[in-house]
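Colleague: Could you take me through one part of this model, namely the place where the small molecules are held, and state your cut-offs as you go?

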Amino acid sequence: MKQFISVEDVPSVPRLVDIALDYKKQPFKDKKLGENKTLGMIFLNPSLRTRLSTQVAAKNLGMEAVVFNIDKEGWQLEMNDGVIMNGSTSEHVKEAAAVMGQYFDIMAIRTFPGLKDKEADYTEKYINQFIKYAGVPVVSLESATLHPLQSLTDVITIKERWNQPRRPKVVMTWAPHVKALPQAVPNSFAQWMNGWGEVDFVITHPHGYELDPKFSGSAQIEYNQDKALEGADFVYVKNWSNYNDYGKITCTDPSWMVDNAKLRGTNDAKIMHCLPVRRNVVIADEVLDGPNSIVIPEAGNRVWAAQAVLSEILKNK
Ligand SMILES: CCC[C@H](NC(C)=O)C(=O)O
Ligand SMILES: NC(=O)OP(=O)(O)O
């Protein structure tokens, strides 16, 4: 694997999931693989899980992880090529990315969307500039439209819990939020559920909240949340801002919040969320504190997902 930006960078999802589950059983079996190698982790946005789990994964492989909050600690970056830099930007991404490529063997970067310019976000302008100039493999820590480490984690979490011969019904449901959030996590979850191909996948959301069809793909779309949740084995809860009316919040209906009553029609479904979650806005306390929530072990699996990705890139170097 040369980079990890999307499910399209993964030759075999089942094989990568097995590698991750093997690391979960034997975390230190490849602790020399990354010896004398350095992972640079560049953040343009906040993070808890991605930052900490990827650092632990690097350590498990013997790698040194260097974390840089470039939005707070670095120079203001110019992302547009060919401009006269006489404004507020002090350094061009051409130099910044190339210099960091001199220091690191692998670069990992988080670049949230601006949610203003749909074209800039959906052409992945920012992360593609880093890929173009870094000169080393790049791992996405969540880009404008995708979050592949989270989605690999979610596949791992479903795979390790499902032991019935039939395909599980997995339902991703929109839920309200007080801020306009990216579509990256739901885009990515849909892309991986479709790419993995081992589940019956349904997406439910209010009218107008359709995701980019290139990500929702073959998923069944159901606008009636209760109908969608009938018989669900896994419920993946996530808010996202409107893709069609780009970056806007066009629905604030609190009845989309997931509570125990909402889950009555499911097949005793396990509840998933990438975190951070707004309690009692997105998911009710009674669900998050109940026996069916697996959001904490789901977050724990972030380490094994990152370790599998880093090891596959190191083996390719
Ligand atoms: C992993 C989630 C990161 C981000 N969440 C927030 C709150 O910005 C999102 O919804 O994409
Ligand atoms: N799920 C996830 O990526 O969490 P952070 O934004 O805290 O890294």
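Modeller: What follows is a close look at that part, beginning with how the values were obtained. This is a predicted model, in which local features need pLDDT of at least 70 and side-chain atom pairs count only at pLDDT 80 or more, while totals for chains, interfaces and linings use all residues. Residues are numbered from 1 along each chain as its sequence is written, chains are lettered from A and ligands numbered from 1 in the order in which they are written, and side-chain values use heavy atoms, with hydrogens and water left out.

The largest pocket encloses about 620 Å³ of space; a pocket here is an open set of points on a 1 Å grid over the protein atoms alone, where a 1.4 Å probe fits and protein lies on both sides within 12 Å along at least five of seven lines, and its volume is the space filled by probe spheres set on the points, which are joined across faces, edges and corners. Its lining, counted as residues with an atom within 4 Å of a point, comprises 29 residues, with Arg110, Phe112, Leu181, Leu275 and Pro276 nearest the centre. By class, that lining has 14 nonpolar, eight polar and seven charged residues, where Ala, Val, Leu, Ile, Met, Phe, Trp, Tyr, Cys and Pro count as nonpolar, Asp, Glu, Lys and Arg as charged, and the others, Gly among them, as polar. At least three lining residues come from each of domain 1 (3-146 + 301-315) and domain 2 (149-299), with bounds taken from an automatic or database domain assignment.

Ligand 2 sits in this largest pocket, in the sense that more than half of its atoms lie within 2 Å of the grid points. Around ligand 2, taking residues with a heavy atom within 4 Å, are Ser47, Leu48, Arg49, Thr50, Arg110, His147, Gln150, Cys274, Leu275 and Arg302. Among its polar contacts (pairs of N or O atoms within 3.5 Å), an oxygen atom of ligand 2 is 2.7 Å from a side-chain N or O atom of Thr50, an oxygen atom is 2.8 Å from a polar side-chain atom of Arg110, and a nitrogen atom is 2.9 Å from a side-chain N or O atom of Gln150. The protein covers 94% of the 260 Å² of accessible area that ligand 2 has on its own, by the Shrake-Rupley method with a 1.4 Å probe.

Ligand 1 also sits in the largest pocket, and the residues around ligand 1 are Phe112, Glu142, His147, Leu181, Pro182, Lys238, Cys274 and Leu275. An oxygen atom of ligand 1 is 2.7 Å from a side-chain N or O atom of Glu142, and a polar side-chain atom of Lys238 lies 2.7 Å from an oxygen atom of ligand 1. The protein covers 85% of the 330 Å² that ligand 1 has accessible on its own.

Key: Polar contact = N/O pair within 3.5 Å; in protein donor to acceptor, adjacent residues only side chain to side chain.
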